[in-house]
Amino acid sequence: MGDAKKYPAPVTNPETAAFWDAAKEGKFMIKRCTACGEAHYFPRSICPFCYSDKTVWEEASGEGTIYTWSLMRKSPTGPYAIGYVTLKEGPSVQTNFVDCDLETLKIGQKVKVVFKPTDGAPLPFFTPA
């Protein structure tokens, strides 16, 4: 079930450059706060839990579980599914689901990250594991 869809290149900035550089190597990165120990996504330099600036990059497993999802059947580009995935490391990620039968997605289903090419860094999506 290949995706022939063309994805827009992500907009990068100095704060997220390491994330996109790692994505080019097939690595899915999150941030972890060394002050409170919490992992967070979307990676940013200030911890959203304790507001510390003591954050470090950490490679995530890219594995998670579907927390919730929604199938959009009416779209000019065809049906697509969006939802939240809870990563093994803890953070939840808003994402699109690709390379699967969208009708068979289930809450609690195990998924893994896949990267789709763009004219810039690849974008992370999730597919059933």
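Student: Along β6, which side chains point to one face and are buried, and which point to the other?

Tutor: In this predicted model, the side chains of β6 alternate. V93, T95 and F97 are directed to one face and are buried, while S92, Q94 and N96 are directed to the other and are not.

Student: Why does T95 count as buried?

Tutor: Buried means under 20% relative accessible area. T95 counts as buried because its relative accessibility is 6%.

Student: Which residues does T95 touch, leaving out those up to four places away in sequence?

Tutor: T95, a residue of strand β6, touches A81, I82, G83 and V85, together with P124, F125 and F126. With F125, the C-alpha to C-alpha distance is 5.9 Å, although 30 residues separate the two in sequence.

Student: In what sense do β5 and β6 pair, and over how many bridges?

Tutor: The pairing of β5 and β6 is antiparallel and runs over 6 bridges. One of the residues to examine is T86, whose bridge partner in β6 is S92. The hairpin of these strands has 4 residues between them, and there G90 adopts a positive phi near 120°.

Student: Which residues touch the most other members of the largest nonpolar core?

Tutor: Nonpolar side chains tend to be buried together in soluble globular proteins. Here the largest nonpolar core has 29 residues, and F28, I30, L87, F97, L105 and F126 touch the most other members. Elements that each supply at least two residues of this core include β1, β5, β6 and β8. The largest share, 4 residues, comes from α1.

Student: Beyond four places in sequence, what is I30 in contact with?

Tutor: The contacts of I30 include A39, Y41, V56, W57, L87 and P91.

Conventions: Residues numbered from 1 in each chain as written. Predicted model: local features only at pLDDT ≥ 70, side-chain atom pairs only at ≥ 80, totals over all residues. Heavy atoms only, no water. Core = buried A, V, L, I, M, F, W, Y, C linked by side-chain atoms within 4.5 Å. Buried < 20%, exposed > 50% of the residue type's maximum accessible area, 1.4 Å probe, protein only. Contact = heavy atoms within 4.5 Å. Pairing = 2+ DSSP bridges.
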